[in-house]
Structure formats: C-alpha cells, structure tokens
Amino acid sequence: MIEVCIVGELNLDLILYGLPEHLSPDRELLASDMAFTLGSSSGIFAHNLCVLGTKVGFVSKIGSDPLGKMALERLSAVGVDTTHVKQGSTLSTGLTVVLPHTRHRYMLTYPGTMFEMQYSDIDMNYVLAARHLHLSSFFLHRALRPQILNLFRQAKEAGLTTSLDTNDDPEDQWRMGPGGSDLHDLLKYVDVFLPNEREAKKIVGTTDLAQALNRLAELSKVLVVKCGSGSAICRAGDEQWSLAPPRVSFVDDVGAGDTFAAGFMHLYLREGKLEDCLAFANIAAAYSVTKAGGTEAFRDRAELSTFMRQQWSSMGRGIIPWKD
Ligand SMILES: Nc1ncnc2c1ncn2[C@@H]1O[C@H](COP(=O)(O)OP(=O)(O)OP(=O)(O)O)[C@@H](O)[C@H]1O
Ligand SMILES: [Mg+2]
C-alpha cells in the first residue's frame with residue numbers, strides 16, 4: 001500500500017564540475033569532475049522520500065532507452081513502486097546537463113518524455129488509493145498541465161492531502177499555461193506549497209520576499225519557502241517559523257529543494273509539528289548538498305541516519321521524531 005503518489009517527470013542529470021563560468025565557443029572546455037545520476041525534481045523527491053521511510057509510488061513516462069532504464073533502477077533500488085511508470089514512448093527519456101558554479105548554476109534540459117505524459121496515461125485508481133499526492137515541476141508537464149487542476153481536485157475530493165513544488169518556469173510566464181490552467185486556482189487544492197524564494201517572487205510578480213510571502217500565504221494552507229543556505233520559512237495562518245539549515249561541506253545543491261520537500265513531507269505525513277517538519281527538511285536538504293546531485297547522499301541509509309540524528313541533537317531539539 002503506497003502512502004504518497006507522485007505524478008511526475010523522470011530523467012537523469014549529467015553534472016560537470018569545474019567548467020569556466022564563461023563558456024567560450026569553439027574551445028575544448030574541460031570539466032574537473034562529473035556525476036551521472038538520477039535527476040528530475042519528481043524523481044529526486046520520490047527517491048529521497050522513500051529512503052526516509054515513506055512508501056512511495058511513482059506515475060511517469062519514460063522512453064525505451066538506457067537513460068529511462070537507469071532512472072527506473074535507481075528508484076526501484078530504494079523501494080519506490082514503479083509499476084505505474086509507462087515505458088516505450090517514441091521520444092527518449094529527458095536529460096539535464098548541470099554546470100555548477102560558485103554563485104549560480106546552468107541547467108540545460110532536454111525534456112523528452114516529460115513533455116508527453118498526459119492525463120490518459122495516469123491510472124486514477126492507483127493515485128486515489130494513496131494518502132497523499134505530490135507533483136513537482138508544474139511548468140514542465142506540458143501535455144498534463146491543462147489537467148493538473150482536475151487531478152488535484154479529484155485527490156482532495158477523495159480525501160488525500162496534497163503538495164506542490166513548481167520549480168522554474170522555462171517560459172518565464174509563471175501564471176497562465178497554454179491550456180489555461182492557472183497556478184493560483186490550483187493552490188485551492190494544495191495543502192503544502194513548496195516554492196523556492198525566486199519562484200515565490202516570480203509567481204506573485206514581485207521582487208520583495210515579504211510581499212510574496214504575504215500573498216502566497218493567503219492562497220496556501222501551509223506555505224514553505226526554500227532559501228538556499230539562508231533560512232527557510234514556513235507560514236501557516238498567522239504563524240511563521242524561519243530556520244537556517246546546518247553548515248555542511250558543500251559539493252553541489254542540485255536537488256536540495258526536492259530533498260527539502262521530501263524531508264518536510266515525511267514528517268508532515270506523520271503529523272509532525274510544522275516547526276519540526278521545517279527542521280527535519282533543512283537537515284535532509286543540507287545532507288544532500290554534501291554529495292553529488294540530488295540522490296547520491298541518500299543511497300546509504302546508515303550514513304544518512306547518523307547525520308540526521310547528530311544534527312537533530314546538536315540543534316537541542318530533543319528526540320528526533322523519526323524511525324529509520
Ligand atoms: N549551501 C547549503 N548548505 C546547507 N543547506 C543548503 C544549502 N543550499 C541549500 N540548502 C538546503 O536546501 C534547501 C533547498 O535549497 P534551494 O533554495 O536551493 O531549493 P531549490 O532552488 O528549490 O533547489 P532545487 O535545485 O532542488 O530545485 C534549503 O532550504 C536548505 O535547507
Ligand atoms: Mg526547486
């Protein structure tokens with residue numbers, strides 16, 4: 001029996017470290033290191049949520065190619081139910097090339113099958129049998145997008161809780177999609193909304209974080225805004241918590257936001273207090289930045305558990321509300 005159903009995109013990340021910030025054309029530019037690993041916001045969220053101990057089912061579409069196979073194997077290896085990942089599209093599985101730099105990173109994505117998945121690909125009986133529905137990369141689901149509101153409405157009517165992480169909008173439009181599905185309308189059916197700081201501001205159309213928080217808090221039951229190495233913010237009704245992640249040795253922040261969302265939702269689904277969800281999310285996300293990509297840190301449960309427990313106790317928060 002799955003607890004969380006994720007409807008999302010599945011692709012791999014190729015991360016090239018140490019390339020110059022200015023990419024000169026016609027030159028052979030050398031990376032100092034690389035990682036080829038599970039990518040996609042939904043894929044990273046699914047993997048890490050499952051490693052934390054939630055039973056996860058994944059609904060997606062991949063190509064019949066080695067990239068899709070590897071992504072599927074990474075999810076299956078940690079126990080994600082991939083029986084509802086469709087294979088065999090004419091398109092290939094997507095790929096993101098990530099070029100991390102000190103202050104920012106380039107992310108170049110070939111969407112492939114993620115642009116193709118549509119509502120008719122989804123087994124709604126499977127989705128509605130879960131306790132919770134999560135969707136990431138709202139703007140990348142080009143074919144599904146006109147039906148995302150319908151998907152969430154059905155989930156809420158069936159008694160599921162829901163969460164949403166928009167991630168970036170490659171078209172920089174933020175509100176209205178080609179099918180007319182409005183993100184603001186969707187938020188009525190979202191219990192936990194988890195944008196990052198930049199996304200929160202873009203959605204509201206402001207450069208002022210306080211203004212973005214105030215507006216989005218009116219639209220969301222629980223609003224959680226991720227702020228990189230700064231303090232993440234959780235707002236619910238009149239209450240607000242703000243908490244910085246622990247300092248860690250940094251490799252890259254690829255998938256840190258997805259891992260943060262996984263940490264938050266894991267405790268939220270166990271009726272954790274929101275401030276505990278925030279602290280747990282910060283620790284999980286900070287751990288993810290200590291290794292390559294979004295999931296490499298989460299491939300060793302024992303090391304993860306040691307880190308989580310040490311950090312929790314060093315924050316003076318008592319006993320960690322988590323069984324691993
Ligand atoms: N340098 C860092 N040190 C410690 N923790 C970090 C660092 N960077 C990010 N985090 C943790 O990761 C969380 C998510 O970070 P971020 O704001 O980068 O999300 P995001 O942009 O949505 O990430 P993603 O690339 O997954 O979409 C932060 O709230 C924090 O808990
Ligand atoms: Mg993100």
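Tutor: Before we start, one convention: two strands pair if DSSP finds at least two bridges between them. Strands (E, at least two residues) and helices (H or I, at least four) are DSSP runs, numbered from the N terminus. This is a predicted model, where local features need pLDDT of at least 70, side-chain atom pairs count only at pLDDT 80 or more, and totals for chains, interfaces and linings use all residues. Residues are numbered from 1 along each chain as its sequence is written, chains are lettered from A and ligands numbered from 1 in the order written, and side-chain values use heavy atoms, with hydrogens and water left out.

Student: What makes strand 8 and strand 9 a pair?

Tutor: Strand 8 (residues 132–136) and strand 9 (residues 161–165) share five bridges and run parallel. Because two are enough, they count as paired. One partnership is Leu135 with Leu164 in strand 9.

Student: And what about strand 11, which strands does it pair with?

Tutor: Strand 10 (residues 192–193) joins strand 11 through two bridges, in parallel, and Val192 has Val222 as its partner. Strand 12 (residues 232–236) pairs with strand 11 antiparallel over three bridges, with Val225 facing Ile233 as bridge partner. The hairpin of strand 11 and strand 12 has six residues in between, and Gly228 there takes a positive phi near 55°.

Student: Why are strand 5 and strand 13 called edge strands?

Tutor: The open sheet has nine strands in the order 5-4-1-8-9-10-11-12-13, with mixed pairing. Strand 5 (81–89) and strand 13 (239–243) each pair on one side only, and that makes them the edges.

Student: Why is Thr113 called buried?

Tutor: Buried means under 20% relative accessible area (Shrake-Rupley, 1.4 Å probe, only the protein chains shown count as cover). Thr113 has 0%, so it qualifies. Thr113 sits in the loop between strand 7 (105–110) and helix 3 (124–128). Beyond its neighbours within four places in sequence, its contacts (heavy atoms within 4.5 Å) include Lys61, Ser89 and Gly94.

Student: How about Leu23, what is it called and why?

Tutor: Exposed needs over 50%, and partly exposed lies between that and buried. Leu23 has 38%, so it is partly exposed. Leu23 is in the loop between strand 2 (11–17) and strand 3 (33–38).

Student: What makes Leu23 eligible for a patch?

Tutor: Patch residues need over 30% relative accessible area and no salt bridge (Lys or Arg side-chain nitrogen within 4 Å of an Asp or Glu carboxyl oxygen); nonpolar side chains are joined within 5 Å, like charges within 9 Å. With 38%, Leu23 clears the area cut-off. Leu23, Tyr106 and Leu108 make a nonpolar patch of about 260 Å².
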